[in-house]
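Have the model open in your viewer and keep the selection tool at hand. We will go from stop to stop, with something to pick at each one.

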Amino acid sequence: MLKNLFAPFIAPFVFLPFCLCDDTVNDTERPAAKTAYEYFVELSKYPRCSGSEKPASDFLAAFGRAHNLDTRQDEAFNVLIGKRGSVGRENEPPIILQAHIDMVCEKDDDVDHDFERDAIVPVIDRDSDWITAEKRTTLGADDGSGVSVIMAVLAANSLSHPPIEAVFTTEEEIGMNGAERFDVSWLSGRRLLNLDMVQEGAIVVGDGHAGGPDLVVPIAVTARMKAAVIPEWPYKPDSPLRDRMVDVFREYYGEEPMLAGLQHAAVECAVFASKMPDADMASIGPDIVDIHTPNERMRLSSYNRVYGYLVKLLERL
Ligand SMILES: [Zn+2]
């Protein structure tokens with residue numbers, strides 16, 4: 001795996017400047033924006049086990065191009081989609097929104113499901129407020145939740161936001177290989193919001209090893225993830241992004257967030273922190289339980305609130 005991590009990576013189109021411009025967009029040609037949950041359902045149709053994300057990666061690249069957004073896909077099948085700032089906010093510093101495409105593919109022994117071919121069908125139990133996969137498989141809310149809320153933001157035409165650099169990575173679950181191979185010189189943003197957390201109300205601001213509070217997230221870490229060498233994500237005492245997120249959280253939820261340092265788990269902020277030490281980062285997500293197991297489920301109301309919070313945050317950044 002380490003060999004993979006440091007494999008030479010030649011970025012295609014390396015001489016083309018990446019521009020956050022979609023001036024050529026004719027809105028009548030752009031596909032209609034869908035809800036975040038509709039994108040979640042759509043993404044679930046595409047195979048995306050770690051190491052086999054090409055179909056889902058191609059889907060995201062096609063989505064970006066269909067919306068006339070500047071879209072790049074690299075050799076690791078990471079996808080970068082840029083969207084310029086909303087009217088009047090074009091020259092603000094960009095925000096990087098980041099989530100991973102791949103999912104842990106687990107199913108009960110007696111379930112007939114081919115992850116390389118079959119769609120995952122999310123099912124909402126409105127009484128219980130939980131979304132599960134139709135069959136006893138992982139749902140892929142980790143991290144389809146993050147990918148889909150970012151898609152909804154990219155597709156929307158009426159939101160107020162700074163320029164957005166959306167980074168969708170591969171092979172997170174087996175060692176964050178996509179993030180390792182991603183060429184950060186493609187990014188001009190220096191604040192990054194990762195959407196791969198599994199507890200609403202928590203704003204994760206570091207890995208808990210270098211100051212800051214601790215949060216133990218109950219994650220069944222895969223053996224391959226355990227073997228991976230994950231860099232540190234140091235807590236930054238000074239973080240304008242975190243301060244703004246706390247303000248907006250109070251306003252949106254009417255309560256205090258739980259500022260958390262992540263322990264016994266890791267998000268790709270660790271890799272981005274090692275490559276962009278000056279970046280200001282945080283991680284959030286909806287309530288998702290029993291991730292990496294066929295029992296994985298996501299709370300629908302929580303997912304919708306996190307999308308609402310993201311929209312509000314983008315407005316106030
Ligand atoms: Zn994840």
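Select residues 21-25 to begin: pLDDT stays under 50 over this stretch, and the model gives it 11 contacts beyond four places in sequence. This is a predicted model, and pLDDT is the predictor's confidence in each residue. Now add residues 1-17, where pLDDT also stays under 50 and the model has 26 contacts beyond four places in sequence. Where pLDDT is low, the predicted coordinates should not be read in detail. Colour the whole protein by confidence next: the average pLDDT is 88, and 84% of the residues score at least 70.

**The zinc ion**

Select the zinc ion and show its donors. Which atoms coordinate the zinc ion? They are NE2 of His100, an OD atom of Asp142 and two OD entries from Asp196, at 1.9 to 2.7 Å. Turn on angle labels: among the 4 donor atoms the angles run from 51 to 142 degrees, and the site is irregular. The site counts as irregular because tetrahedral would need all angles to lie between 85 and 135 degrees, and here the range is 51 to 142 degrees. Along the sequence, the donor residues follow the spacing H-x41-D-x53-D. Two of these donors bring together distant parts of the chain: His100 sits in strand S3 (residues 95-100) and Asp142 in helix H4 (residues 141-155), 42 residues apart.

Are these two side chains buried or exposed? His100 counts as buried because its relative accessibility is 0%. Asp142 is also buried, at 6% relative accessibility.

**Along helix H4**

Stay with Asp142 and show the backbone. A cis peptide bond joins Asp142 to Asp143, with omega at about 10 degrees. Asp143 is in helix H4 too.

Move along to Met151, which is also in helix H4. Its relative accessibility is 0%, so Met151 counts as buried. What surrounds Met151, leaving aside its neighbours within four places in sequence? Display Tyr39, Phe59, Leu60 and Phe63, which are in contact with Met151. Then draw a distance from the C-alpha atom of Met151 to that of Lys34: you should read 8.9 Å, although the two residues are 117 apart along the chain.

**Two loops with positive phi**

Pick Asn68, in the loop between helix H3 (54-66) and strand S1 (70-73). Asn68 has a positive phi of about 55 degrees, although it is not a glycine. With a relative accessible area of 28%, Asn68 is partly exposed.

Then jump to Asp129, in the loop between strand S4 (122-125) and strand S5 (130-133). Here again a residue other than glycine has a positive phi, near 75 degrees for Asp129.

**Helix H7**

For the last stop, select helix H7 (residues 240-253) and mark its end C-alpha atoms. They are 20 Å apart, which agrees with the 20 Å expected for 14 residues at 1.5 Å a residue. Which residues of H7 are buried? Show Leu241, Arg242, Met245, Val246, Val248, Phe249 and Tyr253 as sticks. Bring in their partners: the buried residues of H7 pack against S3, strand S7 (191-194), strand S8 (202-204), strand S10 (258-260), strand S12 (280-283) and helix H9 (300-316). S3 is also the strand that holds the zinc donor His100. Finish at Gly254, just after H7, where phi is positive at about 70 degrees.

Notes:
Residues numbered from 1 in each chain as written. Predicted model: local features only at pLDDT ≥ 70, side-chain atom pairs only at ≥ 80, totals over all residues. Heavy atoms only, no water. Donors = N, O, S within 2.8 Å, 3.2 Å for Na, K, Ca; no water. Tetrahedral: all angles 85-135°; square planar, octahedral: opposite > 155°, others 65-115°. Helix = DSSP H or I, 4+ residues; strand = E, 2+ residues; numbered from the N terminus. Buried < 20%, exposed > 50% of the residue type's maximum accessible area, 1.4 Å probe, protein only. Contact = heavy atoms within 4.5 Å. pLDDT = per-residue confidence, 0-100. Expected span 1.5 Å × (residues − 1).
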